[in-house]
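Hi,

Here is the structure I promised to pass on to you. Please have a look at it first, and then read my notes below on what turned up.

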Amino acid sequence: MRRTWTIIGVRDVALSFKWYQALFGLPATAPGHAYWGQILDADGTVLLCLHEWGSHEHPSLMSPHAPPGNGLLLFFRVEDFAPALPRARALVDRLEEEPHVNPSTGTPEFSLRDPDGYYVTVSALAAA
């Protein structure tokens, strides 16, 4: 099996860690380090990695020259779409896209921005 670890640069790992755990309805835990954390599913699958801007001199994570997420869409398929919506609404002032059915996937989805401005879409795993 192969897995992708998506890593995004963030200003505050602890803040973003808490935000994504709340969005996905995961138990609150602390990130592994002040500069790095992995959001894990209940089975230990890595959903997203958070890396503090400028730590460890990774060339693409030095500083957000372009708006964070330029050219990137974080797209998560979830089994618990209905409960994810009120969790998302509690995290932001407004959704970027209200719930609708994506004609390409045939599944309901909505979108919001995370604390660093990344565009996050949450989609149901299966069609309604």
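**Aromatic pairs and a cluster**

Searching the whole structure, which is a predicted model, turns up four aromatic pairs. One of them joins Trp-19 and Tyr-20 in an edge-to-face arrangement, with 4.8 Å centre to centre and 75 degrees between the planes. The label follows from the angle, because planes over 60 degrees apart count as edge-to-face. Both partners, Trp-19 and Tyr-20, are buried. They also belong to one aromatic cluster, together with Phe-24 and Phe-76.

**Two packed helices**

Trp-19 comes up again in the helix packing, where this residue is part of the contact between H1 and H2. Helix H1 covers residues 13-24 and helix H2 covers residues 81-91. Their axes are 7 Å apart and make an angle of about 150 degrees. H1 and H2 are therefore roughly antiparallel to each other, since angles over 145 degrees count that way.

Which residues of H1 and H2 meet? On the H1 side they are Trp-19, Ala-22, Leu-23 and Phe-24, and on the H2 side Ala-84, Arg-87, Ala-88 and Leu-91. Sorted by class, this contact of H1 with H2 has seven nonpolar residues, one charged residue and no polar ones. You may recognise Phe-24 here too, as a member of the aromatic cluster.

**The three-stranded sheet**

Next, the strands. Three of them make up an open sheet with mixed pairing, in the order E1-E3-E2. Strand E1 (7-10) and strand E2 (36-40) are the edge strands, each pairing on one side only. On average, neighbouring strands of this sheet are turned by 25 degrees against each other, direction ignored.

How do E2 and E3 run, and how many bridges join them? They run antiparallel, and five bridges join E2 to strand E3, which spans residues 46-52. As one example of a bridge, Leu-40 has Val-46 in E3 as its partner.

**A hairpin**

Strand E5 (residues 97-101) and strand E6 (residues 108-113) also run antiparallel, joined by three bridges. Here Val-101 has Pro-108 in E6 as its bridge partner. E5 and E6 form a hairpin, with six residues between the two strands. If you look at backbone angles, check Gly-106: this residue lies in the turn and has a positive phi of about 75 degrees.

That is what I have for now. Happy to go through any of it with you.

Best wishes

Key:
Residues are numbered from 1 along each chain as its sequence is written. This is a predicted model: local features need pLDDT of at least 70, side-chain atom pairs count only at pLDDT 80 or more; totals for chains, interfaces and linings use all residues. Side-chain values use heavy atoms; hydrogens and water are left out. Rings of Phe, Tyr and Trp (its six-membered ring) pair if their centres lie within 6.5 Å; planes under 30 degrees apart count as stacked, over 60 as edge-to-face and the rest as tilted. Buried means under 20% relative accessible area, exposed over 50%, partly exposed in between (1.4 Å probe, protein chains only). Axes are lines fitted to C-alpha atoms, for helices over the stretch in contact, and angles run from 0 to 180 degrees between N-to-C directions. Helices (H or I, at least four residues) and strands (E, at least two) are DSSP runs, numbered from the N terminus. Angles under 35 degrees count as roughly parallel, over 145 as roughly antiparallel, 65 to 115 as roughly perpendicular and the rest as oblique. Contact means heavy atoms within 4.5 Å. Ala, Val, Leu, Ile, Met, Phe, Trp, Tyr, Cys and Pro count as nonpolar, Asp, Glu, Lys and Arg as charged, and the others, Gly among them, as polar. Two strands pair if DSSP finds at least two bridges between them.
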